[in-house]
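Thank you for sending this model for a second reading. My remarks are set out below as numbered points.

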Amino acid sequence: MWYFRSPEIVFGRDALDHLTQLSGKKAFIVTDTGIQKLGFVEKVQAKLKQAGLASQVFSQVEPEPTPDTIKRGAEAMAAYQPDWIVGLGGGSPIDAAKAMWILYENPQADILAINPFEPLNLRQKAKMVAISATSGTGAEVTWGIVITDPADKRKVAVGAPENTPDIAIVDPTLAVTMPPQLTADTGMDALTHAIEGYTSTWNNVFSDGLCLQAIKLIFTYLPRAVANGEDEEARENMHNAAAIAGLGFINSMCSLAHALGHSLGGLYEIAHGRAVGLFLPYTIQFNTFENSEQTRYHEIAAFLGLPAASVQQGTNSLIQALGQLANQIKQPRSIQQALSISLETLENDLDQLVEHAETDTQIITAVRSPNTQDIRKLFLYAYHGKDIDW
Ligand SMILES: [Zn+2]
């Protein structure tokens, strides 16, 4: 038995207008200061007002929020007693909103321990709308929540299917202000979701089509959206693709590139999408090394119309295409390129990096299970930017 989960999705250039149709009394908006400066909060509040809803704003969400921030937000929520939670932003504010919502309805919960196996009984007090302002994480359609555990210097992915937002608003007009670097970073995240979602061991027929479509859209439109942020067609397709990839991966799961990326990002300052996108080609090489039965990367290549006469050729074509895309949108191809750290620094941190990757939830669905030594090698290959010869 398997489940496919999705919010109601409202997409297109006037999707934000859907807010005027909500019924309720009070909305609590969770966002960050960057989004607030862009004037999106006022826009959202005006639409909510048309629906007869009062609103309050919490804008202190930092990138990859900490349990402290979530606790503060949940306390403000408890004081305000909203019947709608609105997560507005990139992945961090939307994830923070999900986590605050859980604490609002379950004040005793340990946010770092939220998992799919214990009921949360949400929606006794409020429902949730997620509005995406970046085109990457897919957080608007997923139940995943990424939190920084500062005590352990690591990022943890928590959440339960219950905390899938009720409504996702995917309005591309909110994405046009993203600068090229953010467009590239978040786009690589979406691409990694789609490729890992298609290839994870929990892949399934419902997710497959979504992942393939997202991959095609991203290869077509990401370079355009990075080159010219005002390219409306590219922005709209990327905004949709991120949500489609989100739906694809949350119903199958991510995999090794995410485990490695979370680990690297916990110790060093690097954007999530840049980190997972960097590891993706290395993990494909690892997953397919001397394994002609792993045909899914070849299927992706064939779907994209890349040279794919054999499984090996298809896999290689995909790896090559990923490299070309990274060059085109100026994404780093190695850890050395991405971070100015010496090999010595990486080697000093390697035990911790490996341990965090090994215990990351996303490793459960790895195409090929790596052992400790494999993970060490993956980090070192990715540091030097060398092709993997296992
Ligand atoms: Zn991701």
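The points that follow take up the basis of the model, the sheet, the metal site, the cores, the hairpin and some single residues.

1. Basis. This is a predicted model, in which local features need pLDDT of at least 70 and side-chain atom pairs count only at pLDDT 80 or more, while totals for chains, interfaces and linings use all residues. Residues are numbered from 1 along each chain as its sequence is written, and side-chain values use heavy atoms, with hydrogens and water left out.

2. The open sheet. Six strands, here DSSP runs of E of at least two residues, with helices being runs of H or I of at least four, all numbered from the N terminus, form an open sheet with parallel pairing in the order S1-S8-S5-S4-S2-S3; two strands pair if DSSP finds at least two bridges between them. Strand S1 (8–11) and strand S3 (54–58) are at the edges with a single partner strand each, so one side of each has no neighbour in the sheet. From one strand to the next the twist averages 20 degrees, with axes fitted as lines to C-alpha atoms (for helices over the stretch in contact) and angles running from 0 to 180 degrees between N-to-C directions.

3. Inside and across that sheet. Strand S4 (residues 84–89) pairs in the parallel sense with strand S5 (residues 127–132) over 6 bridges, and Trp84 stands opposite Lys127 in S5. Helix H7 (residues 232–250) lies across S1, S5 and strand S8 (167–170), and its direction makes about 150 degrees with S8.

4. The zinc site. Asp189 (OD), His193 (NE2), His258 (NE2) and His272 (NE2) coordinate the zinc ion at 2.1 to 2.2 Å, where donors are N, O and S atoms within 2.8 Å of the metal (3.2 Å for Na, K and Ca), and sites may look incomplete because water is not among the atoms. The angles among the 4 donor atoms span 87 to 166 degrees, and the site is irregular; four donors would count as tetrahedral if all angles lay between 85 and 135 degrees, four as square planar and six as octahedral if opposite donors were over 155 degrees apart and all others between 65 and 115, and anything else is irregular. Along the sequence the donor residues are spaced D-x3-H-x64-H-x13-H. His193 lies in helix H5 (residues 180–199) and His272 in helix H9 (residues 272–288), so this pair ties together parts 79 residues apart in sequence.

5. Nonpolar cores. A core is a set of buried Ala, Val, Leu, Ile, Met, Phe, Trp, Tyr and Cys residues joined through side-chain atoms within 4.5 Å, with buried meaning under 20% relative accessible area, exposed over 50% and partly exposed in between (1.4 Å probe, protein chains only). The largest has 65 residues, and Ile195, Leu318, Ile335 and Phe379 have the most contacts inside it; helix H6 (residues 205–227) gives the largest share, 11 residues. A second, separate core of 31 residues includes Phe28, Ile70, Ala97 and Leu120.

6. The hairpin. Strand S6 (residues 145–149) and S7 pair in the antiparallel sense over 5 bridges, and Val146 stands opposite Ala157 in S7. Of the 5 residues of strand S7 (residues 154–158), 4 are buried, so this strand is largely enclosed by the rest of the structure.

7. A loop residue to inspect. Lys330, a residue other than glycine, has a positive phi near 55 degrees, and is placed in the loop between helix H11 (311–328) and helix H12 (335–338). Lys330 counts as exposed, at 69% relative accessibility.

Note on methods:
Contact = heavy atoms within 4.5 Å.
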